[in-house]
Amino acid sequence: MKHNRQQSIDFLRGLVMVIMAIDHIRDLMLTSEITQDPTDLASTTPSLFFTRWITHFCAPTFVFLSGVSAYLSSRKHHDWEATKRFLITRGLWLILLEFTIVGFGIWFDIQFRSFLFQVIGSIGMGMILLAFVFKLSPKVLAIISLVLIFGHNALGLVPAFENPVLKFLWALFISPNLFPIGSDHMIMVMYPVLPWFGIMLAGFVVGRLYELDPLARKKNLTTLFSFTFIAFIVIRAVNIYGDPRPWSVQESPFFTILSFVNTTKYAPSLLFTLMTLSFALGILLLTDGKETPLMRFFGVYGKVPLFYYLFHWYIIHSLTLIMVFMQGFTWESLEFGVFKFGRPAIGSGVSLGGVYLVWIGVVLSLFPLCLWYGKYKASHPEKQWLRYL
């Protein structure tokens with residue numbers, strides 16, 4: 001039963017890691033990416049909108065499952081002080097990775113002129129915060145999580161800060177912002193800590209369900225899925241609170257539906273969180289206690305998510321440069337700098353269909369590497385450093 005229990009978690013994590021790669025390939029390689037917003041209903045196409053929208057489910061699911069895994073790990077080792085130390089050190093390690101190995105993989109800029117505080121850094125900060133609260137009762141943790149998730153959008157009423165220190169702290173913990181560092185460097189906080197920490201805490205609380213018998217676990221997962229899904233539909237329909245971008249009637253019923261599900265990721269609004277977590281809970285419910293070839297396939301990626309994440313950036317960015325050179329550009333044509341991937345400003349890129357072909361190739365090329373590392377990691381539990389990758 002333990003194996004099947006973990007299989008659903010690994011499957012879901014692997015599924016969203018694989019889907020995530022579509023978004024990063026689109027960012028770096030799509031011809032129109034430099035000039036077109038995929039979620040702008042005035043200019044997007046259904047296929048482009050879907051390509052971006054489906055990847056919205058990745059980050060919150062990954063953060064949620066990091067909370068689930070943190071709980072299961074804490075119960076596995078039964079050493080509170082060791083768990084606290086691990087959460088803090090892993091959190092610091094993830095923050096370091098965000099601004100070094102991950103950052104270089106995204107930009108390929110040896111001058112490091114662009115710094116993004118995104119999902120890896122936010123998970124790192126969340127783990128550090130979790131280290132100081134994880135011993136609180138499940139009820140208290142659930143209340144904190146709900147307050148952060150449901151109350152975050154109310155903070156939009158707070159006037160903007162003029163003090164640069166307060167402005168940065170507000171961005172780091174509450175709302176995204178962009179900050180210059182000198183004349184030619186920039187840091188962007190895309191994943192403010194507290195709303196994402198609320199999602200991680202939700203996962204930590206839900207992790208307790210995996211100590212229940214299968215029937216009780218499925219009953220609880222059904223309740224949570226129903227609550228998040230119905231709450232999303234009702235609150236979104238009311239159209240008063242929960243997202244800074246209200247939905248509206250469009251020229252066609254189909255685009256009205258797109259407007260309805262077009263919720264805000266930066267920072268994750270209440271409705272964005274309810275929409276995406278209902279997906280995660282639904283998948284966990286459907287796959288609980290099951291094991292299929294498809295689940296095993298995606299589970300290969302889900303067992304080594306950070307390993308996959310680091311490698312996939314370097315493969316995608318290398319393919320982007322190869323694409324540019326094959327299209328006739330020279331090294332002098334490449335544009336590096338603040339928030340530039342190295343692509344020429346105009347004339348390079350592939351179609352949306354090309355993005356999907358590259359995506360399939362990247363995912364399949366990483367399978368044997370992830371399979372090898374997953375087996376190596378499982379067969380060497382004595383090597384504690386493997387827990388950090």
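Start by selecting glutamate 335, which is partly exposed at a relative accessible area of 30%; here buried means under 20% relative accessible area, exposed over 50%, and partly exposed in between, with a 1.4 Å probe and protein chains only. The model is predicted, so local features need pLDDT of at least 70 and side-chain atom pairs count only at pLDDT 80 or more, while totals for chains, interfaces and linings use all residues. Residues are numbered from 1 along each chain as its sequence is written, and side-chain values use heavy atoms, with hydrogens and water left out.

**Salt bridges**

Add lysine 340 to the selection: glutamate 335 forms a salt bridge with lysine 340, with the closest N and O atoms 3.7 Å apart. A salt bridge is a side-chain nitrogen of Lys or Arg within 4 Å of a carboxyl oxygen of Asp or Glu. Lysine 340 is partly exposed, at 39% relative accessible area.

Elsewhere, salt bridges that share partners join Asp23, Arg26, Asp27 and Arg52 into one network. Select arginine 26 and aspartate 23, whose side chains meet in a salt bridge at 2.5 Å, N to O. Both arginine 26 and aspartate 23 are buried. They are separated by about one helical turn because they stand three residues apart in helix H1. Helices (H or I, at least four residues) and strands (E, at least two) are DSSP runs, numbered from the N terminus.

Next, select glutamate 291 and arginine 296. Their side chains meet in a salt bridge of 3.8 Å, N to O. Glutamate 291 is partly exposed at 34% relative accessibility, and arginine 296 is partly exposed with a relative accessible area of 41%. By the rule above, the count comes to 10 salt bridges.

**Threonine 44**

Move to threonine 44, in the loop between helix H1 (2–29) and helix H2 (46–53). Its relative accessibility is 8%, so threonine 44 counts as buried. Show contacts (heavy atoms within 4.5 Å): leaving aside residues up to four places away in sequence, threonine 44 touches Gln36, Asp37, Pro38, Phe49 and Phe255. Draw the distance from the side chain of threonine 44 to the backbone nitrogen of phenylalanine 49, which is reached at 3.5 Å.

**The strands**

Select strand E3, residues 185–189, together with strand E1, residues 114–117; the two pair in the parallel sense over four bridges. Two strands pair if DSSP finds at least two bridges between them. On E1, pick leucine 116: its bridge partner in E3 is methionine 188.

Now add strand E2, residues 177–181, which pairs with E3 in the antiparallel sense over five bridges. Phenylalanine 179 stands opposite isoleucine 187 in E3. In a regular strand the side chains alternate between the two faces of the sheet. Follow the chain into the hairpin of E2 and E3, where three residues lie between the strands and glycine 182 takes a positive phi near 70 degrees.

**Leucine 389**

The last stop is leucine 389, in the segment after helix H14 (352–379). Is leucine 389 buried or partly exposed? Leucine 389 is partly exposed, with a relative accessible area of 24%. With residues up to four places away in sequence not counted, leucine 389 touches Arg90, Leu306, Phe307, Leu310, Tyr373 and Lys377. For a sense of scale, select alanine 231 as well: leucine 389 and alanine 231 are 158 residues apart in sequence and 36 Å apart in space, C-alpha to C-alpha.

Methods. Polar contact = N/O pair within 3.5 Å; in protein donor to acceptor, adjacent residues only side chain to side chain.
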